[in-house]
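Work through the exercises below with the sequence and the model open beside you. Try each task before reading its solution.

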Number of protein chains: 2
Amino acid sequence: MARVEPGSVDRVACIGAGVIGSGWVAHFLARGYRVTAWDPAPDGEARMNRLVEAAWPALEALGLAPGASRANLSFEPTLAGAVAGAAFVQESAPDRLALKVDLLAEIDAAAAPEAVIASSTSGFGMTEMQVKAARPERLVVGHPFNPPYLVPLVEVVGGEKTAQDAVDWATAFYEAAGKTAVKMSREVPGFIANRLQEALWYEALHMVAAGEATVEEIDLALTAGPGLRWAFMGPFLTFHLAGGEGGMGHMLDHWPPGSMDPAWTRLVPPKVEGALRDTIVEGCEEEAGGRSAADLIRERDRKLIAVLRALREA
Amino acid sequence: MARVEPGSVDRVACIGAGVIGSGWVAHFLARGYRVTAWDPAPDGEARMNRLVEAAWPALEALGLAPGASRANLSFEPTLAGAVAGAAFVQESAPDRLALKVDLLAEIDAAAAPEAVIASSTSGFGMTEMQVKAARPERLVVGHPFNPPYLVPLVEVVGGEKTAQDAVDWATAFYEAAGKTAVKMSREVPGFIANRLQEALWYEALHMVAAGEATVEEIDLALTAGPGLRWAFMGPFLTFHLAGGEGGMGHMLDHWPPGSMDPAWTRLVPPKVEGALRDTIVEGCEEEAGGRSAADLIRERDRKLIAVLRALREA
């Protein structure tokens, strides 16, 4: 049977009633999907209802899709009942490898053969999780950021036995469901966002350990400084803009990463030259998409003002 | 002569008509100060006027202080004329050490003896910059983030010969002038925010170098993910919240930094145990200031919604 179009899915199955699983349920309900859910815990249904109820006012404030309703959630007595006939399954069980391996095999056995099955795991690659599944080719990682009903990011990546069309379908489905999907071309421990977060987190821990700054100073310096820009402009475009009309090429040639003396951080950067330099410059130009330095500055200022005003009012 | 109260300053002197210097001028004008400025370049005045003009619509959108006007800027023909009688001087010359050393000595010689003099340097410590000044005790670093008229952060720190009262006064003055001042207790290369930024930036460069992610994937993963939270919640409070009712103590004891296998980042974290653990837990509790996990979650959601809506509209 052919897979339904990613934009035509009307029901999704969500496995797991924890903070992440219930957060997914809240998101899908708010985007107008019917959701069938399951969790093995005796209080799973009550917990999911409580978490969805807590998330709902935020989702109403952001705007519900036509037809969105908490009544579209059906908590099923069995896993098989929850996934039966669903075009898409989001698994959000606790992050233990043996549990994930068995659970994904069980979901795979119960789901319609053409369904795509995604795991919320933050700790494992799909290659190590798909080993017991009969149809590993339709298993992908769909890693959300907490809370999944508010933070748009979902990182999508397959394992060695995953078919590219499942990764592509999941990415298109998440986008249709209102998420911002980053489709990765290979498995990387921690995916992307957690790696960036950990690098900053470890430097922060080192600073406290060395008596260079306090917990509160670090949090304040981030939120009053670079954190405000990172809400809408990543590190590459930020430095591309900082390079003026010369863009990232000018930045890399005039202030090569790691040229500060003494060093500003404990992580030594790679040597950015030759092909790596060109890849980065080209990536920035592609991302800028024809926007000049002046365009980017206007956009940065407009968004900074919007964020500052919004936070002042909140 | 006694120093004027930090909240009673009515005129500041700004030295340097580059992006940062002119950004400071725009900020101080918007907050209702009179500004006297100087730059040695023949086109310094024209450049400053152009940059202030470009910044002004953003400042109007954020709301001007009573009496704020671009007419309160006076570009002076000499450095001495610009700093004469000003209670506060912000130096924003190019970041070259020899230039900063001489310029700060010159400002120090020309300024009123009780004035506080701050350098915008991002590259040097005040200890190495204050060596030729006759009154080094009133020289501080006041490191802004670009653009200084929109990003609130200013990092304040003295050198070995700086008096604590000058650091305290500068901090209070910046706060009165509408900035968010982080007063550091010791000199650290890169201060705080740039260190955090560099740690993330170097991990991002490594990811591109290793073929783990592209420029655009990294920027998108940050802005659709952790960047949205970092606009209002730093890494410590974020993980304190993630620890639920057990807070940061629960986080550190159950998911010790660096426990991921394989490692999520190239920077090895410090061992977080004993006194360091307690310092971090206490810092988080102090920062939380009695807010429970539920309070913090509500606050996070409220601010996330505000930021998401603001960016959607911008």
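The exercises that follow concern a predicted model, and each solution proceeds step by step.

**Exercise 1.** Determine how chain B is related to chain A.

Solution. Begin with the general principle that two copies of a chain are related by a rotation about an axis together with a shift along that axis. Here a turn of 180° and a shift of 0.0 Å along the axis lay chain B on chain A with an RMSD of 0.0 Å. The two copies are thus related as by a two-fold rotation axis. As for the surface between them, 100% of the interface residues of chain B are also interface residues in chain A, so the copies meet through the same surface.

**Exercise 2.** Find which residues touch the most other members of the largest nonpolar core, and follow the contacts of A:Phe236.

Solution. The core has 217 residues, and those touching the most other members are A:Phe236, A:Ile280, B:Phe236 and B:Ile280. Setting aside neighbours within four places in sequence, A:Phe236 contacts residues of chain A, including A:Met248, A:Ile280 and A:Cys284, and residues of chain B, among them B:Trp201, B:Leu205 and B:Ile218.

**Exercise 3.** Decide whether A:Cys284 is buried or exposed, and state how many disulfides the structure holds.

Solution. Buried means under 20% relative accessible area; A:Cys284 has 0%, so A:Cys284 is buried. B:Cys14, at 2%, is likewise buried. Over all chains, the structure holds zero disulfides.

**Exercise 4.** Describe the span that UniProt annotates at residues 190-258 of chain A.

Solution. The unreviewed UniProt entry places the feature "domain: 3-hydroxyacyl-CoA dehydrogenase C-terminal" there. In the model, residues 190-258 of chain A are 70% helix and 0% strand, and the end C-alpha atoms of this span lie 24 Å apart.

Key:
Residues are numbered from 1 along each chain as its sequence is written. Chains are lettered from A and ligands numbered from 1 in the order in which they are written. This is a predicted model: local features need pLDDT of at least 70, side-chain atom pairs count only at pLDDT 80 or more; totals for chains, interfaces and linings use all residues. Side-chain values use heavy atoms; hydrogens and water are left out. A nonpolar core is a set of buried Ala, Val, Leu, Ile, Met, Phe, Trp, Tyr and Cys residues joined through side-chain atoms within 4.5 Å. Buried means under 20% relative accessible area, exposed over 50%, partly exposed in between (1.4 Å probe, protein chains only). Contact means heavy atoms within 4.5 Å. A disulfide is a pair of cysteine sulfur atoms within 2.5 Å. UniProt positions are given in the numbering used here, feature names are shortened, and annotations may be inferred rather than shown by experiment. Helices (H or I, at least four residues) and strands (E, at least two) are DSSP runs, numbered from the N terminus. Copies are superposed by least squares on the C-alpha atoms of residues with pLDDT of at least 70 in both.
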